[in-house]
Amino acid sequence: MKAVKTAVILMSVLIVAGFGFVIYTIAARMMSGEPVLPPSSADSSQEDIATSFGEVDLPVPVGCDLESVQLEGNRLLITLDGLDDQRCKQVIVMDALSGETLGRVTLRPVE
């Protein structure tokens, strides 16, 4: 029974020490300005896109509104919204590195 008590006390001390070490590491990195989490490859690829993307003129129908823009890998998905009769409901797929329009998907109601 004494061995079990000793093991429980030892494990409790190790858990508290480990937790304290994690808190100390996070606090030290926050104070030094170091990132708490290492940068992912997605973050670095977005920086490359931002520095290498040129100016692109994207023709859209008159009266259409920009609903959303999403970055998926090297693809930029631009969603337009507006009136159905002006063909505004579109998703435009662009290459984010070159700015080239890869395709358009026009959403039309089924009659």
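**Entry 1: pairing rule and model**

I take two strands as paired if DSSP finds at least two bridges between them. I note at the start that this is a predicted model. The mean pLDDT of the chain is 78, and 73% of its residues reach 70 or more. I looked up where confidence is lowest and where it is highest in the chain. Confidence is lowest in helix α2 (residues 41-52), with a mean of 50, and highest in helix α1 (residues 2-32), with a mean of 91.

**Entry 2: element order**

I find two helices and four strands in the chain. Read from the N terminus, the elements run α-α-β-β-β-β, so by the DSSP numbering from that end the strands are β1 to β4.

**Entry 3: the sheet**

The four strands form an open sheet, in the order β1-β2-β3-β4, with antiparallel pairing. At the edges I find β1 and β4 (101-106), each of which pairs on one side only. Averaged over neighbouring strands of this sheet, the turn of one against the other is 15°, with direction ignored.

**Entry 4: β1 with β2**

I then went through the strand pairs. Strand β1 (residues 65-72) and strand β2 (residues 75-81) are joined by seven bridges and run antiparallel. Within this pair, I see Ser68 opposite Thr79 in β2. β1 and β2 form a hairpin, and two residues lie between them. I checked the turn for a positive phi, and Gly73 has one, of about 65°.

**Entry 5: β2 with β3**

How many bridges pair β2 and β3? I find six, in the antiparallel sense. Two of the facing residues I wrote down are Ile78, opposite Ile92 in β3, and Arg75, opposite Asp95 in β3.

**Entry 6: β3 with β4**

Five bridges join β3 to β4, and these strands run antiparallel. I looked up the partner of Val93, which is Gly103 in β4. β3 and β4 form a hairpin with five residues between them. In this turn, Gly99 has a positive phi of about 80°.

**Entry 7: nonpolar core and burial**

Which residues make up the largest nonpolar core? I list six: Leu76, Ile78, Leu80, Ile92, Met94 and Ala96. The elements that give two or more residues to this core are β2 and β3 (90-95). β2 gives the most, with three residues. Ile78 and Ile92, both in this core, also face each other across β2 and β3. For the chain as a whole, I note that buried residues make up 12% of its 111 residues.

**Entry 8: Gln90**

I looked at Gln90, which lies in strand β3. Is Gln90 buried or exposed? Its relative accessibility is 4%, and the cut-off for buried is under 20%, so Gln90 counts as buried. I then checked its side chain for a polar partner and found Arg104, whose side chain is joined to that of Gln90 by a polar contact of 2.9 Å. I also listed the contacts of Gln90, leaving aside its neighbours within four places in sequence. These are Pro61, Ile78, Thr79, Leu80, Arg104, Val105 and Thr106. On this list, Ile78 and Leu80 belong to the largest nonpolar core, and Thr79 is the residue that Ser68 stands opposite.

**Entry 9: contact range**

I last looked up contacts in the chain between residues at least 6 apart in sequence. Of these, 26% join residues at least 24 apart.

Technical notes: Residues are numbered from 1 along each chain as its sequence is written. Side-chain values use heavy atoms; hydrogens and water are left out. A nonpolar core is a set of buried Ala, Val, Leu, Ile, Met, Phe, Trp, Tyr and Cys residues joined through side-chain atoms within 4.5 Å. Buried means under 20% relative accessible area, exposed over 50%, partly exposed in between (1.4 Å probe, protein chains only). A polar contact is a pair of N or O atoms within 3.5 Å; within protein, one must be able to donate a hydrogen and the other to accept it, and residues adjacent in sequence count only if both atoms are side-chain atoms. Contact means heavy atoms within 4.5 Å. pLDDT is the predictor's confidence in each residue, from 0 to 100. Axes are lines fitted to C-alpha atoms, for helices over the stretch in contact, and angles run from 0 to 180 degrees between N-to-C directions.
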